[in-house]
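Hi,

Here is the structure I promised to send over. Have a look at it first, then read on for what turned up.

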Amino acid sequence: MTCMSVTEQLLRALPEGFVITGDENTRPFECDGLSVYRQKPLAVALPENIDQIKQVLKICKANNTPVVTRGAGTGLSGGATPLEQSVVLGLSKLKKIKSIDTDKRLAVVEPGVTNLAISEAVAEFGLYYAPDPSSQIACSIGGNVAENSGGVHCLKYGLTVHNIESVTILTIDGETLTLSRQDEGLGLLALMNGSEGLLGVIVEITVKLTPTPQLARVVMAAYDSVRECANAVADIIKAGIIPAGLEMMDKFAIEAAEGFAQVGYPLDAEALLLCEVDGTEAQVQAELDQVLEVLSGASSLKVSNNEAERLALWKGRKSAFPAVGRLAPDYYCMDGTIPRRHLADMLEKINELSKQYKLRVANVFHAGDGNLHPLILYDANIPGEIERTEEFGTKILKLSVDMGGTITGEHGVGIEKLNAMCHQFNTKELEIFHKIKAVFDPESLLNPGKAVPELHRCAELGAMHVHHGELPHPELERF
Amino acid sequence: MSERIEQLQAMIKQADSLHLCTEMLDYSGIIEYYPEELVMTAKAGTSIAEIQATLAENNQALAFFTEDQAESIGAAYANGGQDLSDYVLGIKIIDGNGELLNFGGQVMKNVAGYDVSRLLVGSKGQLALVTQISFKVLPKSYIAKLTAPIKSTASSGLRQKIEQKLKQVFDPRGVFN
């Protein structure tokens, strides 16, 4: 037994076809949605039930082999990028919706169920699962919990963590642990949300379901300046309205989206705001009246009059990423979040940096949450361009931290933002994170090296923790 | 960093055993409140009554259940359940080694690092001294009727083991009890 390789042991333990090996066959698993980073694993195990997952964990633990749990592989930070000599534990076969309780508005699902499939399954009861990451057609609910995914509508309906009733995880030892919202004691359920596969393997999830709003309407407001548009975002919230969605795009993003989707976005605008209100007909009308009053300074206003118009207005926004992607060989998507009041300053700063680095940037983002997604366009084939892009990106993330925000609002740290973590947290805070992992996974076999940087990495970077913008030696250029 | 925080750090570093009650810390007051951000940051000793009064000036309120208006936000946090946790955005704590640490922040969406600011909700002051808390607030018209959260006391052996180990992470010397 001991002289069999991990792969051989997996092949023996699982039914035929459930373990993928070999250079060619494992290629589809060598990266997630962040395809810059690629690494082939030893093997990919695709179990279809909890007993088989336990087998995989047992074999990996016995052989001291790292396990990278993978949902649909749509993540944007490299959280599911395989490690050298690791086994990828793919949960895509666990896609049963086990039960739906319409009275309690709960559904029990397996981790491989796609986000959208939940909403589709409960639509006949007038319910849906509220968090809606852009990749919802493909991304899995297990991955959503692991990343604490957001989406366009989390301004009003919350993030994944707010919409999960309970999760059942397997520890690296194969023990079962169910964590629920009702539990007395520490917030272990919240801890599991966004833990990026480092603490346990999520094998079952109970999600909260939300009644489908009777009506939703979207207002499109065009502005002649980015600052006016950004201020309008704060004004809406200040007026006491929480829109279902509040999204902003800059001129470059508008042009790209319109060129791609042809939905009638005003090409002469400097910035565009999409504000959705939902609820009963009376609620929608009341909020709409208020929103239109707040946005009366816009250079043009358009309100959707039916569902087709509403979806058309969103179509441009939802296709903004691929639309921008057509304009350059590569793009780098950032995910910093800042307090809303700094939106205009941040956008101006990004604009300045864009000129300085001679790299174009399109801004498409969840303005209501202050969650920015600047897309930096570059060409990896031009020598030095990747490095310039990363340096530019690092500056944006540092600015986000300085403004009281965070380096990642919804995409996660993965491997992509390990360096940026050194700016947001000091050594003592990072140590706490490492110790939390060790409580669950003392041998560090679950997705090791992701999400939290090793302390020596931060030291080597020469990174200094920035507190409230007080940089030591601000006169020095960094990196 | 305030003088009071430094005193508390020094006290924790020297102590073998402490039972700290946020109301008695002489550390209260609202640090930051931006109505248009729907975010407030308050020192742990700030009373719920003071917080609600300030929020009410802007037609906003706490979106989680609170019973005793004289209680501090720190006490509500220490005894809180999931409904409070849903609105927590960030905390500052002094751990059992006397280190001042910052987790989470003032923004709604934040997935950098483990969610320590929600992990410690309901920790009853056993893991660390929470000195300040940032939380999301809502316009009054968006808050449904609030009721006390239902808590289940059933706890598995594995859960208890994990909670004990997590205490050691934050309070290795066992100062807080």
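Start with strand 8 (residues 164-170) and strand 10 (residues 201-208) of chain A: the two run antiparallel and are joined by six bridges. If you want one pair to click on, A:Thr168 has A:Glu204 in strand 10 of chain A as its bridge partner. Bear in mind throughout that this is a predicted model.

Those two strands belong to something wider. They sit in an open sheet of five strands in chain A, with the order 5-6-10-8-9 and antiparallel pairing. Which strands stand at the edges? They are strand 5 (97-101) and strand 9 (176-180) of chain A; each has a single partner strand, so one side of each has no neighbour in the sheet. From one strand to the next, the twist averages 15°.

Two helices to find next. Helix 2 (residues 50-62) of chain A packs on the sheet and touches strand 8 and strand 10 of chain A, with its direction at about 145° to that of strand 10 of chain A. Helix 3 (residues 115-122) of chain A lies across strand 5, strand 6 (106-109) and strand 10 of chain A, and runs at about 45° to strand 5 of chain A.

Now jump along to helix 13 (residues 385-402) of chain A. Here is a little check you can redo yourself: at 1.5 Å a residue, its 18 residues should span 26 Å, and the end C-alpha atoms are indeed 26 Å apart, so the two agree. Its buried residues include A:Phe392, A:Ile396, A:Leu397 and A:Val401. What do the buried residues of helix 13 of chain A pack against? The answer is strand 16 (330-333), helix 12 (343-357), strand 18 (374-378) and helix 14 of chain A. Just after helix 13 of chain A, look for A:Gly404, which takes a positive phi of about 90°.

Last stop, the place where the chains meet. There, 53 residues of chain A are in contact with 47 residues of chain B. On the chain A side, the elements that give two or more residues are helix 6 (188-192), helix 7 (226-238), helix 14 (418-424) and helix 15 (427-440) of chain A. Helix 15 of chain A gives the most, with seven residues. By class, that side of chain A has 20 nonpolar, 20 polar and 13 charged residues.

As for confidence, the model scores ipTM 0.97 and pTM 0.95. Chain B has a mean pLDDT of 94, and 98% of its residues reach 70 or more.

Cheers

Conventions: Residues numbered from 1 in each chain as written. Chains lettered and ligands numbered in written order. Predicted model: local features only at pLDDT ≥ 70, side-chain atom pairs only at ≥ 80, totals over all residues. Contact = placed C-beta atoms within 7 Å. Helix = DSSP H or I, 4+ residues; strand = E, 2+ residues; numbered from the N terminus. Nonpolar A, V, L, I, M, F, W, Y, C, P; charged D, E, K, R; others polar. Pairing = 2+ DSSP bridges. Axes fitted to C-alpha atoms, helices over the stretch in contact; angles between N-to-C directions. Expected span 1.5 Å × (residues − 1). Buried ≥ 20, exposed ≤ 12 C-beta atoms within 10 Å, placed from the backbone. pLDDT = per-residue confidence, 0-100.
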